[in-house]
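Please work through the exercises below with the sequence and the 3D view open beside you, and try each task before you read its solution.

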Amino acid sequence: MKGGTAPIMDVIGYGDAVVTKGLNMLYGPGNDLVSATAMTAAGAHLILFTTGRGTPFGAPAPTLKLSTNSRLAENKKGWIDFDAGPIVEGESIDDAAKRLLQLVIEVANGKETQTEKRGYRSISIFKDGVVL
C-alpha cells in the first residue's frame with residue numbers, strides 16, 4: 001500500500017543490495033531498527049520513518065522521523081524532524097508534501113536529522129527468535 005501504484009520491479013533478500021531501478025521490495029522483519037538496518041544495507045541513503053509514538057532510534061543512514069500528529073511532534077522535539085499533523089488541521093496534502101520534499105532535499109545536502117544531532121546511530125541484525 002505504501003508503494004502506491006508503481007509496479008514492483010524486484011524483491012531482494014535480507015542483506016542484498018538493490019540492483020534494479022524502480023520499486024523494490026525488501027524481504028525482512030518489520031521491527032523498526034532491524035528493517036531500517038536492512039534498508040541501509042540494501043543501499044538506502046536516507047530513511048523516512050513515520051511514527052505515531054516517536055520511536056527514538058537512528059539507523060546507519062540519516063533517519064528522518066515523520067510525526068503523524070502535532071502532539072507527538074511538540075512533545076518529542078528532540079526526536080521528530082517533520083510534523084504531518086497540520087494536515088488534520090487543514091493544511092493541504094500538497095503543501096505538506098512540499099514541506100517534506102524541501103526537508104528531504106536539505107538532509108540530502110547535509111542538514112543533520114534530530115537523531116544525528118544527538119549521535120544516535122544504531123544497527124540491529126535480523127536473527128531467529130525475539131529481537132528487542
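The exercises that follow go from the whole chain to single residues, and they concern a predicted model.

**Exercise 1. The overall fold**

Task: Find how many helices and strands the protein has, and in what pattern they follow along the sequence.

Solution: Begin by counting the elements, which gives 4 helices and 5 strands for the protein. Next, read along the sequence and write down each element as it appears, so that you obtain the pattern β-β-α-β-β-α-β-α-α, where helices and strands are runs assigned by DSSP.

**Exercise 2. Compactness and surface**

Task: Decide whether the radius of gyration of the protein agrees or disagrees with that of a compact globule.

Solution: Start from the chain length of 132 residues, for which a compact globule would have a radius of gyration near 14 Å. The protein has 15 Å, which agrees with that expectation. For the dimensions, take the C-alpha trace, which spans about 40 × 35 × 30 Å along its principal axes. Turning to the surface, the accessible area comes to about 8300 Å², and 57% of this belongs to carbon and sulfur atoms. Buried residues make up 32% of the 132 residues. Finally, among the contacts with a separation of 6 or more, 36% are between residues 24 or more positions apart.

**Exercise 3. Charges and salt bridges**

Task: State how many salt bridges the structure holds, and describe the pairs Glu91 and Arg99, Glu106 and Lys111, and Glu116 and Arg121.

Solution: Recall first that side chains of opposite charge can pair when their charged atoms come close. The protein has 14 positive and 14 negative charges, whose mean positions are 5 Å apart, and the structure holds 4 salt bridges. In one of them, the side chains of Glu91 and Arg99 meet with an N to O distance of 2.9 Å, and Arg99 is partly exposed at a relative accessible area of 33%. In another, the closest N and O atoms of Glu106 and Lys111 are 3.4 Å apart; here Glu106 is partly exposed at 29% relative accessibility, and Lys111 is also partly exposed, at 39%. For Glu116 and Arg121, the N to O distance is 2.4 Å. To classify these two partners, use the cut-off that buried means under 20% relative accessible area: Glu116, at 18%, is buried, whereas Arg121, at 43%, is partly exposed.

**Exercise 4. An enclosed helix**

Task: Explain why helix α1 is described as largely enclosed by the rest of the structure.

Solution: Locate helix α1 at residues 32-41 and consider the burial of its 10 residues; because 7 of them are buried, the helix is largely enclosed by the rest of the structure. The buried residues are Leu33, Val34, Ser35, Ala36, Thr37, Ala38 and Thr40. Then look for their partners, and you will find that these buried residues pack against β2 (23-26) and β3.

**Exercise 5. Two threonines in strands**

Task: Determine whether Thr50 and Thr63 are buried or partly exposed.

Solution: Take Thr50, which lies in strand β3 (residues 47-51) and is partly exposed with a relative accessible area of 44%. Thr50 and Ser35 are 15 residues apart in sequence and 13 Å apart in space, C-alpha to C-alpha. Now move to Thr63, in strand β4 (residues 63-67), which counts as buried at 0% relative accessibility. Leaving out residues up to four places away in sequence, Thr63 touches Ile47, Phe49, Phe57, Gly58, Asp81, Thr113 and Thr115. As a last step, compare Thr63 with Asp32: the two are 31 residues apart in sequence and 11 Å apart in space, C-alpha to C-alpha.

Definitions and conventions. Residues numbered from 1 in each chain as written. Predicted model: local features only at pLDDT ≥ 70, side-chain atom pairs only at ≥ 80, totals over all residues. Heavy atoms only, no water. Helix = DSSP H or I, 4+ residues; strand = E, 2+ residues; numbered from the N terminus. Rg over C-alpha atoms; globule rule 2.2 N^0.38 Å. Buried < 20%, exposed > 50% of the residue type's maximum accessible area, 1.4 Å probe, protein only. Contact = heavy atoms within 4.5 Å. Areas by Shrake-Rupley, 256 points an atom, 1.4 Å probe, with all protein chains shown as cover. Lys, Arg positive; Asp, Glu negative; His and termini not counted. Charge placed at Lys NZ, Arg CZ, Asp CG, Glu CD.
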